[in-house]
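Work through the exercises below with the model open beside you. Try each task before reading its solution.

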Amino acid sequence: ENFFPGALVYFYAAMLGFAENAGIIGADGRRLGVGGYSAGGNLAAVVSLMARDRAQPKIAFQLLIYPVTDYSYDTASYRENADGYLLTKDSMVWFWNHYLRSAGDGAQPYASPLRARDLKGLPPAMVVTTEFDPLRDEGEAYAERLRQAGVPVKLKRYDGLIHGFFMMTGFFPHALQAVDEAAAEIRALKA
């Protein structure tokens, strides 16, 4: 509906509003988590960057499930998994073309968080990738960049699986395992 940074602006505003009003539902607005898969993983990673850069709201955790982290199609996983595994390179080109006004927007860290100069001070993260996914390498590269910046990060690759598996618990036995592992990471934050 809206070109970059439209969705991001709305997501950030929603996080601010939730943080300010969390007490109404008994939540702690100082311990928020963000998460999403694919494009939603991109938004979660970028809102974490924005929150750090603007010093609000306080994000306590990122759950990034096969996140889009870079406007680029030159990774090994893009070459190996361009076709045949649900998400294709052509569909990613289509998605990016409907999100960005120009290729120059794709170079912005708030579109491509992997291109951010500094990832220090971001919240702990769990990054989930799959073997047969064009986005595999950029998700794993982002996890490595977080680790290098001193951010606690857990990277979990599910071999033999495809983009989208996380929501297919009825088809993939490992999907339920992945959901359980992500939930355990979130529960650990409350400890």
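The exercises go from the sheet to the surface and then to charged pairs. Keep in mind that this is a predicted model.

**Exercise 1. The sheet**

Task: Find the order of the strands in the open sheet, and say which strands stand at the edges.

Solution:
- Step 1. Trace the strands across the sheet. The order is E1-E2-E3-E4.
- Step 2. Check the directions. The pairing is parallel, and the sheet of 4 strands is open.
- Step 3. Look at the ends of that order. Strand E1 (32-37) and strand E4 (153-162) each have a single partner strand, so one side of each has no neighbour in the sheet. These are the edge strands.
- Step 4. Follow the turn of the sheet. From one strand to the next, the twist averages 10°.

**Exercise 2. Strand E3 and its partners**

Task: How many bridges join E3 to E4, and which residues pair with E3 from strand E2?

Solution:
- Step 1. Start with E2 (residues 59-65) and E3 (residues 125-132). They are parallel and share 4 bridges.
- Step 2. Name partners on this side. Glutamine 62 has alanine 125 of E3 as its bridge partner. Leucine 63 stands opposite methionine 126 in E3.
- Step 3. Turn to the E4 side. Here 7 bridges join E3 to E4, and the two run parallel. One pair is threonine 130 with tyrosine 158, which lies in E4.
- Step 4. Ask how far E3 is covered. A residue is buried when its relative accessible area is under 20%. In E3, 6 of the 8 residues are buried, so the rest of the structure largely encloses this strand.

**Exercise 3. A helix and a surface patch**

Task: Locate helix H1 against the sheet. Then decide whether isoleucine 24 is buried or exposed.

Solution:
- Step 1. Find H1 at residues 6-21. This helix lies across E1 and E2. Its angle to E1 is about 150°.
- Step 2. Move on to the loop between H1 and E1. Isoleucine 24 is found there.
- Step 3. Apply the cut-off. Exposed means over 50% relative accessible area. Isoleucine 24 has 68%, so this residue is exposed.
- Step 4. Add its companions. Phe18, Ile24 and Ile25 make a nonpolar surface patch of about 340 Å².

**Exercise 4. Salt bridges**

Task: Which residues do arginine 30, arginine 147 and arginine 157 pair with?

Solution:
- Step 1. Recall the idea. Side chains of opposite charge can pair when their charged atoms come close.
- Step 2. Set the cut-off. A salt bridge needs a side-chain nitrogen of Lys or Arg within 4 Å of a carboxyl oxygen of Asp or Glu. The count comes to 10 salt bridges.
- Step 3. Take arginine 30. Its partner is aspartate 28, with the closest N and O atoms 3.2 Å apart. Arginine 30 is exposed at 63%, whereas aspartate 28 is partly exposed at 30%.
- Step 4. Take arginine 147. Its side chain meets that of glutamate 144, at 3.2 Å from N to O. Both residues lie in helix H6 (residues 136-148), 3 residues apart, or about one turn of the helix. Glutamate 144 is partly exposed at 34%, and arginine 147 is partly exposed at 39%.
- Step 5. Take arginine 157. Its partner is aspartate 159, at 3.7 Å from N to O. Arginine 157 is partly exposed, with 35% relative accessibility.
- Step 6. Finish with a network. Glu80, Arg136 and Asp137 are joined into one by salt bridges that share partners.

Conventions
Residues numbered from 1 in each chain as written. Predicted model: local features only at pLDDT ≥ 70, side-chain atom pairs only at ≥ 80, totals over all residues. Heavy atoms only, no water. Pairing = 2+ DSSP bridges. Axes fitted to C-alpha atoms, helices over the stretch in contact; angles between N-to-C directions. Contact = heavy atoms within 4.5 Å. Patch = residues over 30% accessible without salt bridge, like charges linked within 9 Å, V, L, I, M, F, W, Y side chains within 5 Å. Areas by Shrake-Rupley, 256 points an atom, 1.4 Å probe, with all protein chains shown as cover. Buried < 20%, exposed > 50% of the residue type's maximum accessible area, 1.4 Å probe, protein only.
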